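Reader: I am new to this structure and should be grateful for a close look at one helix and at what follows it. Please set it in the context of the rest of the model as you proceed.

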Amino acid sequence: MSEFFSTVREPIAYEGPESDNPLAFRWYDADRMVGDRTMAEHLRMAVCYWHSFNWPGNDVFGEGTFDRPWLDPALDPMVAARAKMEAAFEFFEKLRIPYFCFHDHDVSPPGASFAQETANLMTLAEEMAGHMERTGVGLLWGTARLFGHPRFMAGAATNPDPAVFARAAAQVKNCLEVTHQLGGENYVLWGGREGYETLLNTDLGREFDQLGRFLTMVVEHKHAIGFTGTILLEPKPQEPTKHQYDYDSQTCYAFLQRYGLENEVKVNIEVNHATLSGHDFQHEIAVAAACGILGSVDANRGDDRLGWDTDQFPNSVEQMSLAVYEILRAGGFSTGGFNFDTKLRRMSTRREDLFHAHIGGMDTMARSLLVAHQMLSDGVLESYRSQRYQGWGTGLGSEILDGTGPGVSLASLHELVAAEELDPQPVSGRQEELENLVNRYIDRVR
Ligand code: XUL
Ligand code: CO
């Protein structure tokens with residue numbers, strides 16, 4: 001096999017925070033124990049196939065800028081797919097990343113017919129299994145590309161034409177089965193074009209039911225084939241459609257409850273999607289955790305001044321520490337992990353830039369893990385929180401929650417307030433003190 005990333009001779013190693021080697025980890029030390037798990041086990045990081053290997057670096061105004069020879073349209077598509085796969089696994093191995101994620105069409109050309117599409121995917125999945133076996137890299141999740149082809153322009157499951165729904169269902173069946181064969185730990189459904197452009201031509205209620213039916217069929221098929229991974233919805237508020245139905249974690253939870261799927265499906269929260277929906281990333285994690293649907297994360301970031309999905313590599317330890325804190329507080333990942341759903345900038349044209357980008361992202365996650373773990377194990381924030389809510393554990397608080405004593409009704413509470421002249425005094429929320437505390441942890445952690 002000829003090397004594609006030939007300027008990176010050795011697998012990336014941990015050298016510690018003092019290292020100036022740009023091709024070394026300063027924080028990510030895979031086997032270091034953090035509490036009861038290693039860093040690798042906590043973070044379960046993955047490279048995404050699409051932005052890293054299947055995107056030429058084009059944008060709406062300009063052509064591809066990256067050196068990705070397998071994307072040459074003159075090549076036989078199966079030959080190109082194999083070259084791409086070789087380069088991808090060389091990258092995974094040299095980066096020492098434990099997982100990757102893919103869309104069916106990232107790894108396999110769709111072909112001229114559905115039969116061809118299916119045959120290509122089955123052939124290439126088998127070859128991918130060989131690469132996985134050889135390198136020890138696992139599959140965090142698979143997903144089907146239900147938004148690129150013109151047939152999906154008005155949605156896949158939410159399309160006005162049931163034949164498009166059927167075609168999408170067939171594609172998901174293939175991809176779910178391949179994910180299962182490859183030992184994938186999750187299966188993701190990002191609602192690519194499940195949304196609308198204008199209400200003038202859209203029947204919202206009908207489209208909700210179509211989406212509910214589709215997801216129910218996915219869950220039924222998961223059980224039929226014995227797939228034990230998690231099915232994940234990926235919330236996003238807009239882009240490509242003006243309004244996407246899986247707007248944010250809370251919207252997804254309401255949708256899952258409506259169709260009786262809240263115990264079957266969780267969410268894959270993406271940082272940049274969270275910020276596009278007007279929330280902090282940390283908020284999205286906390287909502288999902290509170291609803292019991294926290295599944296996995298697409299780790300990237302947006303740009304404060306741009307209102308679209310820039311998918312940049314994460315580099316804010318503060319942002320990630322707060323989110324990892326919420327994840328650890330909820331018990332950590334089970335089947336989920338951190339997938340780098342991230343794009344290089346178009347000017348990062350050296351092959352090696354893909355390494356620098358991922359090393360920075362992995363170090364950001366590792367350092368954030370150390371901060372979050374230390375904050376959680378010291379219990380400082382938790383003791384503030386429990387002190388703040390202590391009134392709800394006993395006496396009046398528990399009577400209100402249980403509907404007993406004076407907590408039975410509005411009328412009984414009215415009686416209590418009138419009889420005792422209840423006049424609770426404001427208590428400081430101590431926000432700035434807590435923010436300073438987080439910064440102290442970021443400064444001190446090693
Ligand atoms: C799109 C996005 C996708 C999903 C997988 O914004 O995040 O890459 O993660 O389809
Ligand atoms: Co994503």
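Author: Just after helix α6 comes Gly183, a residue with a positive phi near 75°. Helices and strands are here DSSP runs numbered from the N terminus, with at least four residues of H or I for a helix and at least two of E for a strand. The model is a predicted one, in which local features need a pLDDT of at least 70 and side-chain atom pairs a pLDDT of 80 or more, while totals for chains, interfaces and linings use all residues. Residues are numbered from 1 along each chain as its sequence is written, chains are lettered from A and ligands numbered from 1 in the order of writing, and side-chain values use heavy atoms, with hydrogens and water left out.

At its other end, α6 is capped by Asp161, which places a side-chain oxygen 2.9 Å from the backbone nitrogen of Ala163. Such a polar contact is a pair of N or O atoms within 3.5 Å; within protein, one must be able to donate a hydrogen and the other to accept it, and neighbours in sequence count only if both atoms belong to side chains. The helix itself comprises the 20 residues 162-181, and because each residue should add 1.5 Å, a span of 28 Å is expected, in agreement with the 29 Å between its end C-alpha atoms. The expected span is 1.5 Å times one less than the number of residues.

Several residues of α6 are buried, among them Val164, Phe165, Ala168, Gln171, Val172 and Cys175. Buried means under 20% relative accessible area, exposed over 50%, and partly exposed in between, with a 1.4 Å probe and protein chains only. An α-helix has 3.6 residues a turn, so residues three or four places apart point the same way.

Other helices supply further buried residues. Ser52 is placed in helix α2 and counts as buried because its relative accessibility is 0%. A polar atom of the Ser52 side chain lies 3.0 Å from the backbone oxygen of Cys48. His131 belongs to helix α5, residues 114-135, and is likewise buried, at 11% relative accessibility. The C-alpha atom of His131 is 13 Å from that of Ala81, although 50 residues of chain separate the two.

The surroundings of ligand 1 form another part of the picture. Among the residues around ligand 1 are Trp50, His103, Trp141, Glu234, Lys236 and Asp341, where a residue is near a molecule if one of its heavy atoms lies within 4 Å of it. This shell divides into 3 nonpolar, 2 polar and 6 charged residues. Here Ala, Val, Leu, Ile, Met, Phe, Trp, Tyr, Cys and Pro are nonpolar, Asp, Glu, Lys and Arg are charged, and the others, including Gly, are polar. Polar side-chain atoms approach oxygen atoms of the ligand to 3.1 Å from Trp50 and to 2.9 Å from Lys236. For Asp341, a side-chain N or O atom is 2.7 Å from a ligand oxygen. Of the 290 Å² that ligand 1 exposes when taken alone, the protein buries 94%; these areas come from the Shrake-Rupley method with a 1.4 Å probe.

Charged side chains also pair within the protein, which holds 19 salt bridges, each a side-chain nitrogen of Lys or Arg within 4 Å of a carboxyl oxygen of Asp or Glu. Glu3 pairs with Arg9, their closest N and O atoms lying 2.9 Å apart. Arg9 is exposed at 56% relative accessibility, whereas Lys94 is buried at 9%. Lys94 also bridges to Glu3, at 2.6 Å. Because Lys94 lies in helix α3 and Glu3 in the segment before β1, this pair ties together parts 91 residues apart in sequence.

A further salt bridge joins Arg351 to Asp67, with the closest N and O atoms 2.6 Å apart. Arg351 lies in the loop between β14 and α12 and Asp67 in the loop between α2 and α3, so the pair ties together parts 284 residues apart in sequence.

Finally, two loops deserve mention for their backbone. Pro240 lies in the loop between β10 and β11, and the peptide bond leading to it from Glu239 is cis, with omega near 10°. Glu421, in the loop between α15 and α16, has a positive phi of about 50° although it is not a glycine.
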